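Trainee: I would like to learn how to read a protein model one feature at a time. Could we begin with how helices are marked out, and then move on to charged residues?

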Amino acid sequence: IVFVGLGLTRSSLAHDADTFLTPFGAPKTLGVEIRATQAANLLQRNWIRRATPGSEYAPLNLFVFVLAAFILILPPTKSLPLFVATLSTWAGLSYYLFLKNMFLPGFTALCVLFVALLASVAAHTGLATRALTSARRALRNLSRYVPAPVIEDVVSGSGTGVIPVKETKIFSLFVDLEGYTSFCEQHRPSETKDLLKAYYAELGHATKETGGNVLSVSGDGAYIIWPEDRVEHPCKAAMNGLSRMRERLAEFTAQARIPMLSVRAGGDFGMAMLGSQGDANSSDGLLQYTASGDTVNIASRMERLAAKYGVRTLVTRGIKRELEDKITTLPLGRGRVNGKGEPVEPYAVFDSPLKTESETLWLLALALMQQKSWDAAIETLAKLSATDKDLAVAAAYQIGLVNALRLAPLHDDWDGEV
C-alpha cells in the first residue's frame, strides 16, 4: 500500500502545510507519514489494548473501595499525601503502559478518591472544631476550680500540672462576708445560696480583671493572691480588685433588696513560697497550688483583727509604704498576733478621708497609752466613740486593750506594744 502526499513543511498559507503535532516528539510529523503509520498499525494489529471488563473492573473497584475507606478514616494530614501518591503512581503507570500498547483506566476512580478526600477533610475539620470547642469549654469550666497558672502549665504542653515552687513576692488577701452569719440566721437557705453565688461570681471577676488568683474558698471566706511576677503593681491591683468586689456586691444587694453586706479583708505584702505544694512524685499524690510563708499567716491574722476593730480592711505597714498617698489609713499601734514572734503594725484602710478631729483623737489615745496614761487614753477613746460612729467599735476594742494593759506587768522600757 502506497500513500502519496504533498510533503509540505512550509507554505505561505497556514492551511496548506501538511505537518501535525503528535505525542511522540516535538517536531511536527508529515500527514502522509501519519496515515501510513495508521495503516501499518492496523495491518500488524499494533494498537492500544485493554483488559476485559470483568478482569478490569473487579480489581479496580476493590482498590478504589479500600483506598477510599483509608482516606475517609485517616486524618487529612495523612489522607492527602496518600491521594497525591496514588495520583502520581497512576499517572506514571499509565504512561508506561501506554508505551507498551496497554490502557490503564482510573480517571473515574481518581474522581471518587478525590471526593473521599474532600469528605475526609470536612469530617475531620468538623471533629476538630467540636473537639476544640469542647476543650475550650472544659478549660473554662476547670478555671473556675483550678488556679490559672496550673491550667496554663497543662495547656503549654508539659501536661504535668505541677508548678515548681519558687520564692516570690505576693500580695496575700483574706476576705469574708461581714454579717454573713447573721444573714444565714435570718434568711432562707435559698436566699443564702443566691447571695453566695453572686458573692463568688463578683469576687472571681474582680480578681481575674486585676490579675490575681483565688487559691481557696471556704464558706464565705476566700484566699486571694497577686504575685509580683505576674502583676506589675500587686498592691495597687489588689486594692482595686477589693474595691470592685465591694461595688458589685453592693449593686447585687440593692437589686436583690437584701441587707447590705460588705467584704471584710486583711492583707500583707511580702515574700512567700508559691507553687504546687504536696506530693509531686506520685501520680496519685495530693497537690495544691498555693502560697505559704510568714506573709500568708500575717494576712490571715489581719483579716481576723479587722473584725475586732470593726473596720472593713486591715493591712500591714509594708502595704501602706507601697501605696503611700493612694489610700487613707489609720495606724492601730504596734502589737503581736497569734503565732508571730515579732510585732506588726496594722493600718485600717478607709474608702474616704477621716474626720480631722477623729484622727487626732485616735492618735492622741495611742500616745497616751504609750505614756501609760490609762485614764486619759480611755477618756479620749470614749470621746471618739461618741463623736464618730465609724470608729466606735475600734474605740471600744482599744478601751478593752487599755484595761488589759493597766493590769499587766509592763517593763519600764515598754514601747506601746500590745
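Mentor: Let us start with the term itself: a helix here is a DSSP run of at least four residues, numbered from the N terminus. Please keep in mind throughout that this is a predicted model. Just after H11, for example, Lys372 takes a positive phi of about 65 degrees, and Lys372 does so although it is not a glycine.

Trainee: Where is Lys372 found, and is Lys372 buried or exposed?

Mentor: Lys372 sits in the loop between H11 and helix H12 (374–387). With a relative accessible area of 32%, Lys372 is partly exposed, because that value falls between the 20% limit for buried and the 50% limit for exposed.

Trainee: Which residue takes a positive phi just after H1?

Mentor: That residue is Arg45, whose phi is about 55 degrees. Glu324 is a further case to look at, with a positive phi of about 50 degrees although it is not a glycine. Glu324 lies in the loop between helix H10 (317–323) and strand E9 (328–331), and at 40% relative accessibility it counts as partly exposed.

Trainee: How can I check the length of a helix, and what span should H11 have?

Mentor: The idea is to take 1.5 Å times one less than the number of residues. H11 has 15 residues and should therefore span 21 Å, and its end C-alpha atoms are indeed 21 Å apart, which agrees. For the 13 residues of helix H1 (residues 31–43), the expected span is 18 Å, while the end C-alpha atoms are 19 Å apart, which also agrees.

Trainee: Which residues of H1 are buried, and why do they line one face of the helix?

Mentor: The buried residues of H1 are Gly31, Ile34 and Ala39. Looking down the axis of H1, you find these buried residues within an arc of 135 degrees, so they line one face of the helix.

Trainee: Which residues of H11 are buried?

Mentor: In H11 the buried residues are Ser358, Leu361, Trp362, Ala365, Leu366, Leu368 and Met369. They cover an arc of only 165 degrees around the axis, which puts them on the same side of H11. As for their partners, the buried residues of H11 pack against H9, E9, H12 and helix H13 (392–407).

Trainee: Now for charged residues: how many salt bridges does the count come to?

Mentor: A salt bridge requires a side-chain nitrogen of Lys or Arg within 4 Å of a carboxyl oxygen of Asp or Glu, and by this rule the count comes to 11 salt bridges. One of them joins Asp176 and Arg264, with the closest N and O atoms 3.2 Å apart. This pair links distant parts of the chain, since Asp176 is in strand E3 (residues 166–178) and Arg264 is in strand E6 (residues 262–278), 88 residues apart.

Trainee: Are these two residues buried or exposed?

Mentor: Asp176 is buried, with a relative accessible area of 14%, and Arg264 is buried too, with 13%.

Trainee: With which residue does Asp351 form a salt bridge?

Mentor: Asp351 forms a salt bridge with Arg312, and the closest N and O atoms are 2.0 Å apart. The two are 39 residues apart and link distant parts of the chain: Asp351 is in the loop between strand E10 (347–350) and helix H11 (356–370), whereas Arg312 is in the loop between helix H9 (294–309) and strand E8 (313–315). Asp351 counts as exposed at 61% relative accessibility, while Arg312 is partly exposed, with a relative accessible area of 25%.

Trainee: What is the nearest side chain of opposite charge to Arg246?

Mentor: That side chain belongs to Asp351, 4.3 Å away, and Arg246 is buried yet has no salt bridge. The cut-off explains this, because a salt bridge has to fall within 4 Å. Arg246, which lies in helix H8 (residues 234–256), does reach the backbone oxygen of Arg312 with its side chain, at 2.9 Å. Leaving aside neighbours within four places in sequence, the residues in contact with Arg246 include Ser262, Arg264, Arg312 and Asp351.

Key
Residues are numbered from 1 along each chain as its sequence is written. This is a predicted model: local features need pLDDT of at least 70, side-chain atom pairs count only at pLDDT 80 or more; totals for chains, interfaces and linings use all residues. Side-chain values use heavy atoms; hydrogens and water are left out. Buried means under 20% relative accessible area, exposed over 50%, partly exposed in between (1.4 Å probe, protein chains only). The arc is that of the directions from the helix axis to the C-beta atoms. Lys and Arg count as positive and Asp and Glu as negative; His and the chain ends are not counted. A polar contact is a pair of N or O atoms within 3.5 Å; within protein, one must be able to donate a hydrogen and the other to accept it, and residues adjacent in sequence count only if both atoms are side-chain atoms. Contact means heavy atoms within 4.5 Å.
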